[in-house]
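Please look at the structure below with its charged side chains, its cysteines and its backbone angles in mind. The paragraphs that follow take these topics in turn.

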Amino acid sequence: MTIDKQQQYDQLFQRLDALCDGESDPIALMATISCELYHQFESFNWVGFYRNVGNRTLKIGPYQGGHGCLTIDFDRGICGRCARQMQLLNIPDVNAEADHIACASSTRSELVAPILNRHGDLIAVLDIDSDTPALFDRCDETNLARIAAYFLI
Ligand code: SME
């Protein structure tokens, strides 16, 4: 039996609710969320967080997949753009974006979401990369906003 994407997200949230219950450490949340997202969706080829460490700099945080760049300046990459604009970016074709940083040459599309704490400060961006062109849709966008809510602590 195949299940649709929203059902897959619903399964994911059931597990995350149980795993993250009472957890307020952002790194523990990032590690658990990146692991669960990566393993839930076959077409997610890299899932990870870049943490805002100040000085307009993002540093690699917990992730799953091949190695990612260690440091991304706010002025570089889709992740940097997300950090600057503090808004979700759905990129259907990374090769059409001059500022894309290709950590893996196989990446074709990506979805990057700002992660804020309850004070509205940017603590990280969540980056999901896929080898499939134009993978992400409204369903992924909506569910990523739900993921971001785990950090409103
Ligand atoms: N997606 C990125 C770079 C990070 S890696 O792909 C893991 C970007 O252009 O911001």
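In this predicted model, Asp10 is partly exposed, with a relative accessible area of 35%. Its salt-bridge partner is Arg146, and the closest N and O atoms of the two are 3.7 Å apart. Asp10 belongs to helix α1 and Arg146 to helix α4, so this pair ties together parts that are 136 residues apart in sequence. Arg146 also counts as partly exposed, at 39% relative accessibility.

How many salt bridges does a search of the whole structure find? The search returns eight. One of them joins Asp137 to Lys5, with 3.1 Å between the closest N and O atoms. Asp137 sits in the loop between β6 (122-130) and α4 (138-148), whereas Lys5 is in helix α1 (residues 5-19), so the contact ties together parts that are 132 residues apart in sequence. Both residues can be placed on the accessibility scale: Asp137 is partly exposed, with a relative accessible area of 33%, and Lys5 is partly exposed as well, with a relative accessible area of 23%. The pair is also part of a network of salt bridges that links Lys5, Asp137 and Asp140.

Another salt bridge is formed by Glu97 and Arg81, whose closest N and O atoms are 2.8 Å apart. Here Glu97 lies in the loop between β4 (89-91) and β5 (109-116), and Arg81 lies in helix α3 (residues 77-85), so the pair ties together parts that are 16 residues apart in sequence. Is Arg81 buried or exposed? Arg81 is buried, with a relative accessible area of 15%, while Glu97 counts as partly exposed at 23% relative accessibility.

The next topic is the cysteines. A disulfide is a covalent bond between the sulfur atoms of two cysteines. With a cut-off of 2.5 Å between the sulfur atoms, the count comes to zero disulfides. Why does Cys82 not take part in such a bond? The cysteine sulfur closest to that of Cys82 is in Cys79, and because the distance is 7.1 Å, it is too far for a bond. Cys82 is buried, at 0% relative accessibility. Cys103, at 39% relative accessibility, counts as partly exposed.

The backbone angles come last. Most residues other than glycine have a negative phi. Which sign does phi have at Asn55? Although Asn55 is not a glycine, its phi is positive, at about 50°. Asn55 is found in the loop between β1 (46-52) and β2 (57-64). With a relative accessible area of 77%, Asn55 is exposed.

Met86 is another residue with a positive phi of about 50°, and it is not a glycine. Its place is in the loop between α3 and β4. Met86 counts as partly exposed, at 41% relative accessibility.

To return to the charged pairs, helix α1 holds Asp10, which reaches Arg146 in helix α4. Helix α1 also holds Lys5, which pairs with Asp137 in the loop between β6 and α4. Helix α3, in turn, holds Arg81, the partner of Glu97 in the loop between β4 and β5.

Technical notes:
Residues numbered from 1 in each chain as written. Predicted model: local features only at pLDDT ≥ 70, side-chain atom pairs only at ≥ 80, totals over all residues. Heavy atoms only, no water. Salt bridge = Lys/Arg side-chain N within 4 Å of Asp/Glu carboxyl O. Helix = DSSP H or I, 4+ residues; strand = E, 2+ residues; numbered from the N terminus. Buried < 20%, exposed > 50% of the residue type's maximum accessible area, 1.4 Å probe, protein only.
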